[in-house]
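Q: I am new to this structure and would love a close look at a single part of it. Could you take me through the salt bridges, and show me where they sit in the chain?

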Amino acid sequence: MYRYKFNHPRPEPSEKMAGFSAALAGGVKKQTEAEKKAEEARPKPVNGAVHSADIEYAMGNLATNPYYDWNDDDLKVQDTFMNFYINVVKNGDPNGLDADGSKLPKWNPYSTGGKYGIEFTSEGSKIYQKSSAYYHRFPHDMVHCTETIR
């Protein structure tokens, strides 16, 4: 079983999306007047990721969501996360090579003694020990943590 914490914040909305709001599944919709007022009054988000933000990165579909102004850090996190995911599908293990043939960071499986996990942040992927409640279980049910991979 592999555990992770996704703590990479989405970037600011793209300027070309002024007057639009993010919608479900990476879509966009025209803002209502009430939504515009609510957005102006809303405090800036704190550093970190919103619930389900990891899915866009893991599935490699940032380019399909024009709402955000994706940057090089986002693409790097996407590539790393997506390559871990691809390796799980191909081999049952996230470790190995990325699509370019470069070695991915070593991600140790969770164990009761070591409690290893990985954290995806704006500084890249960090691997270290935390309590078991700190991580999502990877890759099944990435958000709700109900499945494991062994």
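A: What follows is a walk through the salt bridges of this predicted model, with a little of the surroundings before and after.

Let's begin with the overall layout. The protein chain has three helices and six strands. Read from the N terminus, the order is β-β-β-α-α-α-β-β-β, with the helices between two sets of strands. The chain counts 150 residues, and 33% of them are buried. Its exposed surface comes to about 9000 Å², of which carbon and sulfur atoms supply 51%. Among contacts with a separation of 6 or more, 57% are between residues 24 or more positions apart.

Now to the part you asked about. Side chains of opposite charge can pair when their charged atoms come close. The count of salt bridges in this model is three.

Let's take the pair of Glu-56 and Arg-10, whose side chains meet with an N to O distance of 3.0 Å. This salt bridge links distant parts of the chain, as its two residues are 46 residues apart. Glu-56 belongs to helix H2, which covers residues 53-58. Arg-10 is found in the loop between strand E1 (2-6) and strand E2 (20-22). The two partners also differ in how covered they are. Glu-56 has a relative accessible area of 10%, so it counts as buried, the limit being under 20%. Arg-10, at 26%, is partly exposed.

The next pair is Glu-35 and Lys-29. Here the closest N and O atoms are 2.4 Å apart. Glu-35 is partly exposed, with a relative accessible area of 24%. Lys-29 is partly exposed too, its value being 35%.

The remaining pair is Lys-36 and Glu-33, which form a salt bridge at 3.5 Å, N to O. Both residues lie in helix H1, made of residues 33-41. They are three residues apart there, which is about one turn of the helix. Glu-33 has a relative accessible area of 52%, and because exposed means over 50%, Glu-33 counts as exposed. Its partner Lys-36 is partly exposed, at 30%.

To place the Arg-10 pair in its setting, it helps to follow strand E1, since the loop holding Arg-10 lies between E1 and E2. E1 is joined to strand E4 by three bridges, and the two strands run parallel. Across this pairing, Phe-6 stands opposite Phe-120 in E4. E4 itself spans residues 116-121 and is mostly covered, with five of its six residues buried.

One more stop lies on the way to E4. Asn-95 sits in the loop between helix H3 (72-91) and E4. Asn-95 is buried, with a relative accessible area of 14%. A polar atom of its side chain lies 2.6 Å from the backbone nitrogen of Trp-107. Leaving aside residues up to four places away in sequence, Asn-95 touches Tyr-2, Asn-87, Pro-105, Lys-106 and Trp-107.

To bring the salt bridges back together: Glu-56 and Arg-10 link distant parts of the chain, Lys-36 and Glu-33 share helix H1, and Glu-35 pairs with Lys-29.

Key. Residues are numbered from 1 along each chain as its sequence is written. This is a predicted model: local features need pLDDT of at least 70, side-chain atom pairs count only at pLDDT 80 or more; totals for chains, interfaces and linings use all residues. Side-chain values use heavy atoms; hydrogens and water are left out. Helices (H or I, at least four residues) and strands (E, at least two) are DSSP runs, numbered from the N terminus. Buried means under 20% relative accessible area, exposed over 50%, partly exposed in between (1.4 Å probe, protein chains only). Contact means heavy atoms within 4.5 Å. Accessible areas come from the Shrake-Rupley method with a 1.4 Å probe; for residues, only the protein chains shown count as cover. A salt bridge is a side-chain nitrogen of Lys or Arg within 4 Å of a carboxyl oxygen of Asp or Glu. Two strands pair if DSSP finds at least two bridges between them. A polar contact is a pair of N or O atoms within 3.5 Å; within protein, one must be able to donate a hydrogen and the other to accept it, and residues adjacent in sequence count only if both atoms are side-chain atoms.
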